[in-house]
Amino acid sequence: MKKRYLFIAFLILSITSLFVGVKDITPLDLFHLSEDQLQIMMISRLPRLVSLIIAGASMSICGLIMQQLSRNKFVSPTTAGTMDAARLGILVSLILFSSATMMEQMIIASLFALAGTFLFMKLLDRIKFKDAIFIPLVGLMFGNIINSITTFFAFKHDLIQSISSWLHGDFSMVMTGRYEMIYISIPLVIISYLFAQKFTVAGMGEELSTSLGLNYRFVVNIGLVIVALSTTVVLLTVGTIPFLGLIVPNIVSIYHGDNLKKNLSHTALLGAVFLLLCDILGRILIYPYEIPIGLTVGVIGSVIFLYLLMRRKAYA
Amino acid sequence: MHKNIKMGILASIAVILIIIFLFTDMGNYWEYVVPNRAIKILAIILTGTAIAFSTVVFQTITNNRILTPSIIGLDSLYMLIQTFLIFAFGSSSLTVMNKSLNFMISVGLMVLFAGLLYRFLFKREGQNIYFLLLVGLVMGTLFQSFSSFMQVIIDPNEFQVVQDRMFASFNNINTDLLLVSFVLILLVSLYFARFIKYLNVLSLGREQAINLGVDYNYVVKRLLIVVAILISISTALVGPITFLGLLVVNVAYQFFKTYQHTHLIFGSILISIIALIGGLLIVERVFTFSTTLSVIINFIGGVYFIYLLLKENNSW
Amino acid sequence: MVEVKNVSKQYGNKNVVDNVSLQIAKGKITSFIGPNGAGKSTLLSMISRLISKDSGEIFIDGEEVSKCNSNELAKKISILKQSNHINIRLTIRELVSFGRFPYSQGRLTKEDWRYVDEAIHYMELEDIEDKFLDQLSGGQQQRAYIAMVIAQNTDYILLDEPLNNLDMKHSVQIMKVLRRLTDELGKTVIIVIHDINFASCYSDYIVALKDGKVVQEGPTEEIIDSSVLKGIYEMDINIEHINENRIAVYYA
């Protein structure tokens with residue numbers, strides 16, 4: 001898959017995304033938009049497009065960084081407890097400050113996400129039997145454990161309903177005034193670009209990267225901070241998007257090898273394309289209703305993930 | 001301390017807790033209260049046994065102490081079945097009201113699912129048990145996506161019914177179902193008896209087990225089916241308690257410090273009975289129903305487990 | 001006798017073991033040597049039924065391995081792989097007692113315990129028999145595992161790189177034990193080994209594999225030969241005779 005084709009797909013899907021919805025707006029209307037249509041464009045359709053692109057790109061990059069750092073193809077924010085820890089963080093912020101602002105929620109949730117991911121990485125060090133499949137299993141179990149703690153407090157404070165709203169991603173609620181936080185991901189993506197080469201080196205292990213003159217701890221920490229922040233931001237604005245960080249980097253590495261610097265733009269682009277596609281599918285399949293993105297990505301993502309697993313097995 | 005003394009201590013605690021649970025705080029209607037409580041106790045003993053027993057076996061097969069059998073997606077499947085029944089027929093429909101039918105459907109589908117999963121994966125050459133688990137886990141996520149989608153669509157009042165099913169409960173246990181479960185578990189245990197001698201050897205790992213003459217695939221397949229049946233029965237009877245097994249089996253390992261499975265199995269069964277009755281006493285008499293037992297068990301199980309992970313210990 | 005007939009194994013598109021046939025005589029030490037990725041360990045695992053073969057047949061004393069009752073086979077042949085991660089905490093004596101499982105199904109009789117004690121004695125582990133495995137050095141652990149195999153009391157003993165990670169002293173110790181097992185107890189030992197000088201000094205028969213095929217086999221004197229080894233390893237190897245042993249010199 002050439003980057004050019006990917007880019008063309010990206011453009012087509014982006015434009016399509018703008019014109020799918022209950023309110024009919026065709027590309028021809030663009031030049032003489034009524035007041036009404038203009039409003040819908042600006043308040044709902046454009047923000048939705050922007051957040052889809054950013055979420056898709058940044059979640060995929062997070063997955064890629066985590067896979068590089070842990071040297072395991074099946075690690076991602078969903079399979080390392082990052083998402084679950086962030087969710088616990090949001091809950092804690094809601095309980096501690098009854099009227100937490102988005103900013104406060106984000107900071108606390110990011111700290112939790114960071115702690116959770118650190119804990120997972122520590123766990124990895126401790127596991128003797130580093131089977132490629134065993135590690136995501138531990139990660140998912142670890143996530144479940146964090147969830148059980150979240151459920152406990154949510155149940156006590158009657159917040160189960162709010163918890164489940166973060167459980168499945170939904171872009172239909174994205175509109176002006178509620179999504180701007182996602183822009184925080186843009187500088188994070190840029191930082192990942194700057195550090196790309198270093199992540200690749202760090203992925204070769206502490207000893208090797210130290211002997212290559214790299215400050216291993218520092219680079220790993222930067223990577224984890226990027227992952228924690230991006231995950232939290234996406235979680236707060238659209239909710240959990242399962243598997244995205246897992247499958248997109250894997251697909252890219254199948255046809256493109258494993259050089260992080262080379263793969264970053266591909267991964268970001270494919271992530272956005274994949275998410276746009278899932279979103280558009282969700283919007284037209286049961287039109288005029290909408291299937292939340294959590295479900296479409298969950299279904300398509302699980303199937304692709306299973307395929308990746310089987311494929312790996314065949315070549316083992 | 002000798003292991004039999006330890007076992008005696010556990011048994012005495014269990015008996016004392018049962019007596020406290022049955023005969024304290026009775027109020028004026030003891031002829032009504034005591035039989036009611038006795039049913040609860042029976043349900044607890046039954047599910048506690050099934051869960052503890054199957055978790056020990058499962059962890060031995062997988063050579064790992066961080067995994068629980070529900071990881072193959074049985075919990076999520078149960079929730080999907082319940083959500084679907086309510087989604088399709090409404091909460092007042094016969095299937096939900098008619099507990100026996102619901103029980104049969106749930107157990108049947110869960111065992112069927114596990115059977116298909118095993119069948120499919122054991123057919124493949126060079127199977128790796130972790131591979132099986134990961135596929136199960138991904139299927140679980142898929143089920144979860146579907147259920148949370150349905151949960152969003154259904155009426156909020158009906159959601160309440162679904163939510164009740166998300167947490168295990170020992171209230172309103174149907175005596176007929178209890179009897180059926182008892183007979184089923186008894187039959188499964190009798191079938192299992194001829195495999196018990198293999199457990200110690202299996203804990204040495206696949207290669208050593210084969211070297212020592214265990215027909216590995218034959219034995220493991222059958223043990224996994226036993227595990228799936230036990231978990232399905234207990235889940236359909238009271239609901240999912242994901243971390244009970246994890247908690248009690250690890251406590252048993254710490255307490256007995258042995259690899260002998262006869263001690264481990266009976267020890268974990270007693271510990272799970274203690275945990276459930278003790279937990280129920282706390283929930284009903286201390287918190288007075290402000291929270292659900294399974295939530296507390298999962299919480300304690302989760303926290304205890306993170307403690308185990310953090311402690312300097314490399315037994316996984 | 002172990003008889004391997006036209007055995008193959010594929011991983012993906014790669015023939016790891018490619019139509020191998022050979023016979024391994026009873027009461028001898030046979031070494032599998034060859035470059036990395038030659039299929040030595042895979043062949044050993046197939047002989048011991050740890051992994052299945054894609055095609056071909058393997059007979060042990062005339063019986064096809066995959067048709068045998070696994071428990072009966074465990075009284076005839078034992079295998080020790082190079083990496084043994086055991087998740088449970090065992091003492092040496094407990095580990096060795098597992099070797100009696102094929103006979104006792106976990107309920108050890110007096111006689112079984114006698115075998116256990118003998119095996120521990122044979123490996124000179126009496127002083128530390130109640131220590132836990134994770135308290136031991138690599139050499140001691142390896143001796144404990146070999147004691148378990150001895151307790152299993154099989155005619156055929158298969159070892160996959162038994163000297164891996166051992167220092168010189170322990171390597172020699174292990175090889176001497178294997179020699180004694182064949183000479184004193186009449187066992188048949190098959191090992192995968194990288195150090196051709198250990199193979200040369202201790203084995204009776206050598207099978208050389210390369211790219212999944214048997215390229216050379218024969219008595220040790222025939223294989224430890226400059227021109228034969230050159231064919232196997234694609235490098236010049238001089239053979240020196242030192243105290244009746246043939247020593248390959250390939251370091252410079």
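Ala, Val, Leu, Ile, Met, Phe, Trp, Tyr, Cys and Pro count as nonpolar, Asp, Glu, Lys and Arg as charged, and the others, Gly among them, as polar. Keep that sorting at hand for the exercises below, and bear in mind that this is a predicted model.

**Exercise 1. Describe the second largest cavity and its lining.**

Step 1. Begin with the count: the structure has three cavities of 30 Å³ or more. The second largest of them has a volume of about 100 Å³.

Step 2. Now find its walls. The lining is made of 15 residues, and Ile51(B), Ser70(B), Ile231(B), Ile241(B) and Thr242(B) are the closest to the centre.

Step 3. Place the lining on the secondary structure. In chain B, H2, helix H11 (216-238) and H12 each supply at least two residues. H11(B) provides the largest share, three residues.

Step 4. Sort by class. The lining of this cavity has six nonpolar, eight polar and one charged residues.

**Exercise 2. Work out where the second largest pocket lies and what surrounds it.**

Step 1. Start with the volume: the second largest pocket holds about 1,200 Å³ of space. Its lining counts 40 residues, and those closest to the centre are Ile86(C), Asn87(C), Ile88(C), Arg89(C) and Asp134(C).

Step 2. Look for the helices involved. Helix H2 (30-62) and helix H12 (244-256) of chain B, along with helix H6 (138-152) of chain C, each supply at least two lining residues. H6(C) gives the most, with four residues.

Step 3. Check the domains of chain C. Domain 1 (1-76 + 156-173 + 180-252) and domain 2 (82-153) both give residues to the lining, so the pocket lies between them.

Step 4. Sort the lining by class again: ten residues are nonpolar, 21 polar and nine charged.

Step 5. Return to one of the central residues, Arg89(C). Its charged end sits over the ring of Phe132(C), 4.0 Å from the ring centre. For a second example in chain C, turn to Arg180(C), whose charged end sits over the ring of Tyr122(C) at 4.3 Å from the centre.

**Exercise 3. Take two aromatic pairs and set out their geometry and setting.**

Step 1. Over all chains, the structure holds 19 aromatic pairs. One of them joins Phe74(A) and Phe305(A), with 5.6 Å centre to centre and 65° between the planes. Planes over 60 degrees apart count as edge-to-face, and this pair is edge-to-face.

Step 2. Ask what the pair connects. Phe74(A) is in the loop between helix H2 (35-70) and helix H3 (82-96) of chain A, while Phe305(A) is in helix H12 (residues 293-315) of that chain, so the pair ties together parts that are 231 residues apart in sequence. Both Phe74(A) and Phe305(A) are buried.

Step 3. Move to Phe255(B) and Phe256(B), which also form an edge-to-face pair, at 5.2 Å centre to centre and 80° between the planes. Phe255(B) is partly exposed at 28% relative accessible area, whereas Phe256(B) is buried at 2%.

Step 4. Finish with a cluster. Ring pairs link Tyr191(B), Phe195(B), Tyr198(B), Tyr218(B) and Phe101(C).

**Exercise 4. Summarise the fold of chain A, then place Leu132(B).**

Step 1. Chain A has twelve helices and zero strands. Of its 316 residues, 59% count as buried.

Step 2. In chain B, Leu132(B) belongs to helix H6 (residues 129-153). Buried means under 20% relative accessible area, so Leu132(B), at 3%, counts as buried.

Step 3. Compare sequence with space: Leu132(B) and Ile72(B) are 60 residues apart in sequence, and their C-alpha atoms are 7.8 Å apart.

**Exercise 5. Are Glu161(C) and Glu244(C), each with a positive phi, buried or exposed?**

Step 1. Recall the background: most residues other than glycine have a negative phi.

Step 2. Glu161(C) has a positive phi of about 45° although it is not a glycine. Its place is in the loop between strand S7 (156-160) and helix H7 (168-185) of chain C. At 15% relative accessibility, Glu161(C) counts as buried.

Step 3. Glu244(C), likewise not a glycine, has a positive phi of about 70°. The loop that holds Glu244(C) runs between strand S11 (238-242) and strand S12 (245-249) of chain C. With a relative accessibility of 81%, Glu244(C) counts as exposed.

How values were computed:
Residues are numbered from 1 along each chain as its sequence is written. Chains are lettered from A and ligands numbered from 1 in the order in which they are written. This is a predicted model: local features need pLDDT of at least 70, side-chain atom pairs count only at pLDDT 80 or more; totals for chains, interfaces and linings use all residues. Side-chain values use heavy atoms; hydrogens and water are left out. On a 1 Å grid over the protein atoms alone, a cavity is a set of points where a 1.4 Å probe fits but cannot get out, and a pocket is an open set with protein on both sides within 12 Å along at least five of seven lines; lining residues have an atom within 4 Å of a point. Grid points are joined across faces, edges and corners, and a volume is the space filled by probe spheres set on the points. Domain bounds come from an automatic or database domain assignment. Rings of Phe, Tyr and Trp (its six-membered ring) pair if their centres lie within 6.5 Å; planes under 30 degrees apart count as stacked, over 60 as edge-to-face and the rest as tilted. Buried means under 20% relative accessible area, exposed over 50%, partly exposed in between (1.4 Å probe, protein chains only). A charge sits over a ring if NZ of Lys or CZ of Arg is within 6 Å of the ring centre and within 35 degrees of the ring normal.
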